[in-house]
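Student: Could we go through this one together? I'd like to know what stands behind each label.

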Amino acid sequence: MRVGMRGRVLSVASECVPLIKTGGLADVVGALPAALAVQGWDMRVLLPCYRNLRAMAADWPDVLVEEGLWGGTGRVLSGEVAGLSVLLLDAPHLYDREGGPYAGRSGDWADNPQRFAALSWVAARLAREGIDGWKPDVLHAHDWQAGLAPAYLAYYGSGGCASVMTVHNIAFQGWAAPWMLGDLRLPVQEFHPDALEYFGQLSSLKAGLVTADRITTVSPTYAAELTRPEYGMGLQGVIAARESRVSGILNGVDTAVWTPKAEPVPYAVGDMGGKAANRAALCATFGLSVSGPLAIVVSRLTDQKGIDLLPKVIPEFVAQGGGLAILGSGDPALEAAMAALADRFPGRVGLRIGYDEALSHQMFAGADAVLVPSRFEPCGLTQMYGLTYGALPVVAAVGGLADTVIHASPAAMATGVATGISFHPTDAVAFGQALRQLVALFADTAAWARVQRNAMTHPVGWEASARAYAALYDGLRR
Ligand code: ADP
């Protein structure tokens, strides 16, 4: 049910589906506006106008011009895409480049601090002054790329606009050399450990954390973990000092896009026939023949995701009848390790290096399980896709993985609430044990069907989270 108009939010980020994506951040930024509209919050998204967006925005009108934006003029263009109200910061000297949002062929852009300072600078001006009568009540900054926006509001005047800083992953902190303080338009007197200084450097994420009115992160468990040194990555003290302003709100998934009802061979709870057909198609795609559980990994191949554990646990899993299809890209050493694993177990382990959204859908539709052995995981999306598709999540019990998967413990099985398997700590012993449990559960057809049904009916949409964000914004409206 739609409620009356409650207020306006300017969401500021470096990625947004369907315009530009490198990870889950883009999914969240792209999904929030529609979810919040239902709650009566009118959200517009401000993004850099990267090269891939220029043609689309060629005839969008200017709504704001900013001279002297780190070596050129910036123009904010306004348009609608796929139901989203989008503001693009067109500053060709900063964003019109061959490559990704953060890096070109030879690595990270050297001027990333300035590129995202510019985004944040213009965001703060939009928040303070509004455009064409649209004046936000709240500026919502996502990750380090937008971290300076709350800081600019705090240091240059907020115009009555409140700010929220959301941490999607504290591993990315937006460091800059201390001598850039002036260039980044930050006040020199704020360069101390309680404000902008981070171990002798500047961190734009820290700037946002110390200046925003509220801090959120993307799961309640990650919010608690962030106050501890193992997870806080040097910022645990900052988070702990502001604990009363910190909350964890789980991400949702777009259930119109991520549903087995929309796959080539649709299926649903109570009508699971299509799952077998999708499984057969998945086996064919990866050249697999598997009698036990068919697991998938769809992931960045990085240390965070625990990918290095796979060569240690998969040989036993394969010996027990399991199979694995991997889709991902990332660290070259991990890509090579996955290739070696696939070579070692032809017909049982298949690999695609790359990023392929369509293939990922096919994989969730056909899989029996999805493996997410992360060392830390702010929220995680693939375990939620796994729930919806009845591809039971096997997850490390950290961050959002702990908040979204109910482990098939004896108690959870007896009370009929289990939705997957979780393990702790993130190591090969616990992961191996979890895979043995998966194999045993798969062999017990009735128990498997019960857990699969629970998983598929577990709510993973945005509704509850949108209500939580709306309540947070309500509390900030001045
Ligand atoms: P993170 O943002 O840390 O990478 P998340 O689980 O929050 O992890 O989000 C990752 C998103 O990217 C999911 O939508 C996942 O399906 C997608 N993804 C990751 N790797 C691939 C890939 N190789 N091909 C297709 N989609 C991928």
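Tutor: Sure, let's take the aromatic pairs and then the ligand.
This is a predicted model, where local features need pLDDT of at least 70, side-chain atom pairs count only at pLDDT 80 or more, and totals for chains, interfaces and linings use all residues. Residues are numbered from 1 along each chain as its sequence is written, and side-chain values use heavy atoms, with hydrogens and water left out.

Student: Why are Tyr102 and Phe116 called a tilted pair?

Tutor: Rings of Phe, Tyr and Trp (its six-membered ring) pair if their centres lie within 6.5 Å; planes under 30 degrees apart are stacked, over 60 edge-to-face, the rest tilted. Tyr102 and Phe116 sit 6.0 Å centre to centre with 50° between the planes, so the pair is tilted.

Student: And what makes Phe116 and Trp144 edge-to-face?

Tutor: Their centres are 5.3 Å apart and the planes make 80°, so that label follows. Phe116 is in helix H4 and Trp144 in the loop between strand E8 and helix H5, so the pair ties together parts 28 residues apart in sequence.

Student: How do you know that Phe116 is buried?

Tutor: Buried means under 20% relative accessible area, exposed over 50%, partly exposed in between (1.4 Å probe, protein chains only). Phe116 has 1%, so it counts as buried. Trp144 at 13% is buried too.

Student: What makes Lys305 a polar contact of the ligand?

Tutor: A polar contact is a pair of N or O atoms within 3.5 Å. A side-chain N or O atom of Lys305 is 2.9 Å from a ligand oxygen atom, so the pair qualifies.

Methods. A polar contact is a pair of N or O atoms within 3.5 Å; within protein, one must be able to donate a hydrogen and the other to accept it, and residues adjacent in sequence count only if both atoms are side-chain atoms. Helices (H or I, at least four residues) and strands (E, at least two) are DSSP runs, numbered from the N terminus.
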